[in-house]
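Q: I would like to take a close look at one part of this structure, and I would be glad of a careful explanation that a beginner can follow. Here are the sequence and the structure.

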Amino acid sequence: MKQVTKGQWNGYDTYILHSRELEVTLLPRLGNNVISLWDRKEERQILRQPDESDLAFYIQKPYHFGIPLLVPPGRIRDGQFAFDGTSYQFDRNSGDHHIHGLHRTQAWCVSDIEEDEEGCAVTTEFTTTDDPEWIRQFPEPLKLEMTFRLQGPDLMQTLKVTHLGGRRIPFGIGYHTWFMLDGTPERWSVTLPVQSVYELNNELLPSGHLLPLGELDSLNSHMNLQGKNLDTALRMDDHQPAEALLMRDDGYGLRYSVDKEHFRHWVLYTKGEADQFLCIEPLTWLPDAPNLQQDASFTGMVTLEPGQTLVLGSSLQMIYPGG
C-alpha cells in the first residue's frame, strides 16, 4: 500500500504515491504539479483535477489545476523591477503586467523514489538553465528540488532552492492550491489566522497599505463559504500557526500548513462566487514585492546569496469525522 507506481496523462509519465487514505498523482514532466489527490476513504477528489481533454488549457495555464508552484507568485507591475542595481524584465502575460512567474510546464526529472514502513516519497529536480525562456528573463541560475512524501493521511512537500549564480537575487514562491467544494459551498467553512487585508488597486496590485479585516475577521474563527466572492490578499497573524483549516459540516476536511519562517501571506480565491472551488494560496512574497517601498518584513521578499540554499516546507493533513 505504501508504494509509488507509474501511470500516464496525455502520454506524459505520472508518479502515484499510495497510502491507505490517499493517492497522490504527480506530473513531473509538465511542471511538477500534483494533478490529483484522491481520498480513498471518502471516494472524492480533493483538488481541481485536469481531464485528459484539458491538455491545451493546461499547457497555457497550468496554475488552474492541482497544487502548482509559482516562482514568483502574483503580479509584477509592467513585468519589470530592479534589485541591487540589476534590472529584470519578465514577459507581460497579463495585460500590461506579468503574472504567476516563470515556472509553468518545465520538465522536472525524478531523482529518487523511497518506500518504507512509514510511507513513500518521490524527489524531483529542475535547473533553470535548462529552460531558455526562464533564463532569458531571470538570468541567475537556480536548482529546484521538490520532495513529496505521503504518510497515511498526510502529504508533505519540501522545496529546496539552491542559488547557482554569482550575484544576490530577490526570490519568492507561492502555491495556487485548488480545493474542491463539490458545488456545496454552504457545507464548507475556512479558518485562517490573519490580521489584515492588503489593499489592492484596480489592477489588483498591492498599494503597500494594510486594511482592517472587516467582515473577514470571521476567518479567525470560521467563515462559511456560502455567497463568498474572494480574490483577497491577507497578512498572516504573526502570533498564530501558519495554517488553514477547510472543514465540511460533518467534520471532514483538511489542514494546510506552511513554514511560518518564510511564508507571510495568504490569498483566498473563489473564481467568482464560491461554488466548485476555493484556492488557498500561501505566498512567501507579496505580489509585486520588488517594486514596493516597504522592507522585507512587510513584503516577505527573500534575498538569496550566491551558493545559498533555501528550504521551504508545506503539508496537507486530512481530517476525518471521529478521527
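At 27% relative accessibility, what does Glu-125 count as?

A: Before the reply, please keep in mind that this is a predicted model. With a relative accessibility of 27%, Glu-125 counts as partly exposed, a class that begins where the buried one, under 20%, has ended. To see this residue in context, look for its partner: the side chains of Glu-125 and Lys-143 meet in a salt bridge, with 4.0 Å from N to O. Since Lys-143 belongs to strand E13 (residues 142-151) and Glu-125 to strand E12 (residues 120-127), the pair ties together parts that are 18 residues apart in sequence. Lys-143 counts as partly exposed too, at 26% relative accessibility.

The idea behind such contacts is a simple one. Side chains of opposite charge can pair when their charged atoms come close. The structure holds 18 salt bridges, and two further examples let you practise the same reading of partners, places and exposure.

Take first the salt bridge between Arg-168 and Asp-84, whose closest N and O atoms are 2.7 Å apart. Arg-168 sits in the loop between strand E14 (154-163) and strand E15 (169-171), while Asp-84 sits in the loop between strand E8 (80-83) and strand E9 (86-89), so that this pair ties together parts that are 84 residues apart in sequence. Asp-84 counts as exposed, at 52% relative accessibility, whereas Arg-168 is partly exposed, with a relative accessible area of 33%.

The other example is the salt bridge in which the side chains of Glu-42 and Arg-248 meet, at 2.9 Å from N to O. Here the pair links distant parts of the chain, 206 residues apart, with Glu-42 in the loop between strand E4 (33-39) and strand E5 (44-45) and Arg-248 in strand E23 (residues 243-248). Glu-42 is partly exposed, with a relative accessible area of 29%, but Arg-248 is buried, with a relative accessible area of 11%.

The loop that carries Glu-42 lies between E4 and E5, and this leads us to the sheet that these strands help to build. Five strands form an open sheet in the order E1-E2-E3-E4-E5, and their pairing is antiparallel. Strand E1 (4-9) and E5 stand at the edges, where each has a single partner strand, so one side of each is left without a neighbour in the sheet. E4 and E5 run antiparallel and are joined by two bridges, and you can find Trp-38 standing opposite Gln-45 in E5. When you follow a strand by eye, one rule of thumb will help. In a regular strand the side chains alternate between the two faces of the sheet.

A strand elsewhere in the model makes a useful comparison, namely strand E22 (229-236). Six of the eight residues of E22 are buried, so E22 is largely enclosed by the rest of the structure. Three bridges join E22 to strand E19 (residues 194-200), and these two strands run antiparallel; among the partners, Val-197 is matched with Leu-234 in E22. E22 also runs antiparallel to E25, to which six bridges join it, and the bridge partner of Leu-234 in E25 is Trp-266.

E22 matters to our walk for another reason as well: it gives the most to the lining of the largest pocket, with three residues. This pocket has a volume of about 360 Å³ and is lined by 21 residues, of which Arg-75, Ile-99, His-100, His-176 and Asp-231 lie nearest its centre. Besides E22, strand E25 (265-273) and strand E26 (277-283) each supply at least two residues of that lining, and the lining as a whole divides into twelve nonpolar, five polar and four charged residues.

The second largest pocket holds about 150 Å³ of space. Helix H2 (residues 132-137) supplies three residues, the largest share of its lining, and Asp-131, Glu-133, Trp-134 and Gln-137 are among the residues that line it. This lining divides into two nonpolar, five polar and four charged residues.

Technical notes
Residues are numbered from 1 along each chain as its sequence is written. This is a predicted model: local features need pLDDT of at least 70, side-chain atom pairs count only at pLDDT 80 or more; totals for chains, interfaces and linings use all residues. Side-chain values use heavy atoms; hydrogens and water are left out. On a 1 Å grid over the protein atoms alone, a cavity is a set of points where a 1.4 Å probe fits but cannot get out, and a pocket is an open set with protein on both sides within 12 Å along at least five of seven lines; lining residues have an atom within 4 Å of a point. Grid points are joined across faces, edges and corners, and a volume is the space filled by probe spheres set on the points. Helices (H or I, at least four residues) and strands (E, at least two) are DSSP runs, numbered from the N terminus. Ala, Val, Leu, Ile, Met, Phe, Trp, Tyr, Cys and Pro count as nonpolar, Asp, Glu, Lys and Arg as charged, and the others, Gly among them, as polar. Buried means under 20% relative accessible area, exposed over 50%, partly exposed in between (1.4 Å probe, protein chains only). Two strands pair if DSSP finds at least two bridges between them.
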